[in-house]
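Q: I'd love a close look at one part of this model, a small sheet and the way its strands are put together. Could you walk me through it slowly, and then show me some other parts for context?

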Amino acid sequence: VEEWRLCAARRWAALEPALRERLAASSLHDTLRLGCGLLRLEAAALRRLCRRARAGKEPAAARFYREEGNRLFGRRHYGAAVRLYSQAASHELPGSPEVSVCFANRSAALFHLGRFEVCLEDIARAESHGYPDRLLPKVLLRKAECLLCLGRLQDAADTLSVVENKIAMDGVMTSPTHQTLLKKLSQLKIKIHEKESCPEPAREACGDVQRNSEIWEENDSISGASSSLSLNFDIERGRHLVASQDILPGQSLLKEEAYVSVLCPGESLLLQDSSETVWDTRVTNADLYCHRCLRQLLASVPCRGCSYAKYCSQNCADVAWEQYHRTECSLGALLLTLGVFCHVALRTVLLAGFAEVSKLVEWSHDGDKDLRNPEARCKHLSEAPDTRAGTRGIPGCNDNGQYQSSYQAVFNLLPHAEKHSPEHKFLCMLSVVAICKQLQEAGLEAAVLNQESSEKWSKPKTCEKTSSELSPELKIMAEAMLRHVLQLQCNAQAITVMQESESGDGAVVNKKPVRLATAFFPVLSLLNHSCCPNISVSFSGTAATVRASQAIPSGQEIFHCYGPHRCRMRVAERQQLLSQYFFECRCQACLEELESDVKSVVSVRNSFCCPSCQASMQVGEDMLCCSNEACAISVSRESLSRRLWDLQQQMKKALELLRDRKADQAIQMLLKCKMDAGNFLSPEHLLMGEMEDHLAQVYATLGKWQDAARHLERSIEIVEMHHGPSSIEMGHELFKLAQILFNGFAASEALSTIQRAEEILSVHCGPQSTQIQELQEMKTCLLELPRSILQRT
């Protein structure tokens with residue numbers, strides 16, 4: 001959090017100049033040795049900041065979320081109720097009657113959503129956590145109804161028998177509650193009898209939509225990589241991947257599971273200091289995705305010890321606990337305060353284990369003398385343990401010459417310790433020391449060092465060691481963590497997902513990429529940057545897949561885009577952002593724009609036009625001049641930028657009107673925005689495309705499919721100008737157009753659009769992606785229509 005960064009900066013400024021100089025010039029080992037005792041003065045401030053991050057079990061919070069869930073359930077907002085009951089369950093103690101009530105209530109909401117299998121899981125959870133016996137008949141009737149809906153008639157009948165016995169044993173048969181239960185019981189018996197007497201005709205097994213199989217031959221020396229790649233190494237480019245044969249667009253090049261990943265927390269978890277307790281009902285990624293496998297959550301399984309970690313299944317919860325969460329659990333508030341990079345660093349060493357960490361840290365000490373000599377450092381790296389001469393000497397490879405997604409490969413990623421600012425290194429050092437000291441004070445050191453079983457560590461011990469000095473073993477872990485935090489600035493990979501945004505009635509699904517987690521992918525980290533890359537990366541859970549986005553001839557290097565793309569930013573913006581990676585980009589796109597004075601795509605398309613005659617404005621520092629000599633109007637850049645900002649605010653208001661189901665007002669506001677924008681923006685400006693996209697969205701919610709398609713087609717034209725006809729952005733826009741045409745029953749146009757979208761998305765996302773499957777389902781449905789209808793439309 002910002003306050004911790006400021007606190008560390010003040011502490012750095014207060015150090016004696018001589019100590020600052022020594023810390024700035026120190027190796028990672030010496031930085032920890034010199035700075036280990038410097039946390040004392042900041043410890044109280046850090047504890048105060050941690051109190052804002054609520055990660056523990058709090059009964060008051062559980063009551064609040066359960067009552068809010070009940071309120072929304074009463075208003076039939078079942079999806080929101082499910083999330084609130086999940087929040088309530090995360091704050092209750094495991095095995096308590098209260099948590100069983102949360103699961104039972106959530107099962108009712110899931111039933112109304114038609115999620116019968118998950119509803120049954122929650123009913124089982126409620127029973128296993130001691131759901132009150134007097135309330136059990138109602139929940140069991142829900143269970144029977146679920147089983148009935150799933151066609152499991154015998155199971156449903158058996159459950160009804162259990163309910164009948166419980167009601168009979170209760171004895172009080174005249175109360176209104178019992179009468180209601182008996183009525184429901186009777187109705188379900190009749191339904192079961194009817195289904196047994198008149199079984200539904202067996203449905204033809206349609207199977208899954210046909211999936212194209214991907215040809216895959218794995219590389220002998222690079223785990224998860226295609227045999228069409230080879231691993232090279234030189235002083236200038238470091239480790240990098242090169243095509244060893246001609247590669248076709250859409251060809252899979254790499255499939256890698258993250259060595260470690262940590263879900264990015266939501267802002268609502270870091271609340272401001274307040275005299276009043278305010279519980280946040282905003283939904284964040286921490287509520288929507290499994291904290292281990294990153295699958296989307298519907299009914300989460302809470303951690304046994306904290307309120308933050310949530311999982312998609314008990315198996316994920318158990319595996320996470322065994323591998324790392326038994327150690328992390330009591331550190332939740334501290335990790336949320338220090339940030340995701342520190343969390344990734346801790347989880348990395350926990351997964352690796354002390355023996356492996358200790359071995360590599362000891363080896364790294366031999367190379368500290370070469371810290372400021374890049375050539376010597378590269379030579380030292382090639383002499384890492386368990387490597388051999390020749391190609392086997394490439395840093396990170398094992399004794400068989402294989403580069404694997406292993407801790408050794410992670411450790412060999414360059415931390416660039418000599419290039420980080422001394423202040424940043426100091427902040428990172430204080431942060432990892434804070435984590436290790438809390439581990440020591442909580443009595444978790446033995447668990448961190450893998451010296452005791454997970455059963456013995458089911459709960460953290462009370463304070464065993466209060467010494468301000470870290471043990472030698474924890475210093476080793478702290479040094480490795482410091483290395484990893486520094487590595488992450490250049491080697492962190494954001495795991496992204498296409499997340500649905502609010503879109504009216506849901507007939508057209510609007511999706512946008514969202515950062516979900518931060519991870520180490522050792523093999524993916526081998527790819528160097530280009531502002532015009534030749535690959536696309538997609539994610540499924542914690543796995544990354546790299547595909548060629550264009551033809552790559554043999555001998556050409558494989559390039560990834562680290563974020564700054566030529567289609568999204570001007571060269572000056574790209575160079576500035578890339579400075580965090582400690583290199584100056586000399587890719588083809590940058591060279592063209594820097595050396596040939598060629599204007600970037602972004603500069604040409606996203607330009608202002610003259611408010612008077614609509615001719616293009618010539619670029620200047622403070623004033624922009626009309627390119628039409630007959631007009632020659634000058635306008636300040638500031639005034640045009642202010643108009644652009646005002647326009648963006650109006651568009652936001654229009655989308656708020658759409659969310660409030662005021663579609664007609666949203667249309668009027670967007671049309672006015674479009675008219676205003678035409679007076680000072682280029683017709684090809686990306687914002688013009690956004691407005692067309694939003695208009696299509698609003699018309700789709702009204703079922704005006706032709707109008708929606710017309711506006712979206714204009715948006716597609718602008719997207720193609722900026723990103724190209726084969727870009728992933730084009731694929732997403734064509735997917736939306738296919739949905740609109742499908743819903744509008746424009747069969748022939750829909751089929752041709754589906755084909756275009758499939759061609760693009762299969763290259764970037766692969767034939768098994770969700771969007772490809774949805775497109776194929778639409779195509780199958782359309783092709784089953786009578787030929788006369790297809791010809792007519």
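Which residue in E11 stands opposite Glu256?

A: Happy to! In this predicted model, the residue that Glu256 faces in E11 is Ala544. A second residue also stands opposite Ala544, namely Phe539. That makes Ala544 a handy place to start reading the sheet, with Glu256 facing it and Phe539 facing it as well.

Let's step back to the whole sheet. Its three strands are arranged in the order E3-E11-E10, the pairing is antiparallel, and the sheet is open. Strand E3, residues 252-257, and strand E10, residues 535-540, have a single partner strand each; they are therefore the edges, and one side of each has no neighbour in the sheet. Going from one strand to the next, the twist averages 15°.

Now for the two pairings. E3 and E11 run antiparallel and are joined by five bridges. E10 pairs with E11, residues 543-548, also in the antiparallel sense, over six bridges. Besides Phe539 opposite Ala544, you can find Ile535 standing opposite Ala548 in E11. If you are tracing the chain on screen, E10 and E11 form a hairpin, with two residues between the strands. Gly541 sits in that turn, and its phi is positive, about 65°.

How enclosed is E11? Five of its six residues are buried, so the strand is largely enclosed by the rest of the structure. Buried here is a matter of a relative accessible area under 20%. A helix also covers part of this region: H30, residues 747-765, lies across E10 and E11 and runs at about 125° to E11.

For context, here is another sheet to set beside it. This one is open too, with three strands in the order E13-E14-E15 and antiparallel pairing. Its edge strands are E13, residues 617-618, and E15, residues 634-636, each pairing on one side only. Strand E14, residues 623-626, runs antiparallel to E15, and three bridges join the two. One bridge to look up is that of Met623, whose partner in E15 is Ser636. Here again a helix lies across two strands: H25 crosses E14 and E15, and runs at about 65° to E15.

Another hairpin is worth a glance. Strand E1, residues 229-234, and E2 pair in the antiparallel sense over six bridges, and three residues lie between the two strands. Phe233 has Arg239 as its bridge partner in E2. As for E2 itself, residues 238-243, six of its six residues are buried, so the rest of the structure largely encloses this strand.

Moving on to helices, H13 (residues 314-328) and H15 (residues 340-352) have axes that come within 9 Å and cross at roughly 130°. H13 is therefore oblique to H15, since roughly perpendicular covers 65 to 115 degrees and roughly antiparallel begins over 145. The crossing of H13 and H15 is right-handed. On the H13 side, the residues in contact are Gln323, Tyr324, Thr327 and Glu328, and they meet His343, Leu346, Arg347, Leu350 and Leu351 of H15. Sorted by class, the contact of H13 with H15 has four nonpolar, three polar and two charged residues.

Last, two loop residues invite a check of the backbone. Most residues other than glycine have a negative phi. Leu294 has a positive phi, near 70°, although it is a residue other than glycine. Leu294 lies in the loop between helix H12 (285-288) and strand E5 (301-302), and it counts as buried because its relative accessible area is 4%. Arg661 likewise has a positive phi, near 65°, in a residue other than glycine. You will find Arg661 in the loop between H25 (637-659) and helix H26 (663-678). Is Arg661 buried or exposed? Its relative accessibility is 73%, so Arg661 counts as exposed, whereas Leu294 is buried.

To return to your question, keep Ala544 on screen: Glu256 stands opposite it, and so does Phe539, with E11 set between E3 and E10 in the strand order.

Methods: Residues numbered from 1 in each chain as written. Predicted model: local features only at pLDDT ≥ 70, side-chain atom pairs only at ≥ 80, totals over all residues. Heavy atoms only, no water. Pairing = 2+ DSSP bridges. Helix = DSSP H or I, 4+ residues; strand = E, 2+ residues; numbered from the N terminus. Axes fitted to C-alpha atoms, helices over the stretch in contact; angles between N-to-C directions. Contact = heavy atoms within 4.5 Å. Parallel < 35°, antiparallel > 145°, perpendicular 65-115°, else oblique. Left-handed = near helix turned anticlockwise from the far one by under 90°. Nonpolar A, V, L, I, M, F, W, Y, C, P; charged D, E, K, R; others polar. Buried < 20%, exposed > 50% of the residue type's maximum accessible area, 1.4 Å probe, protein only.
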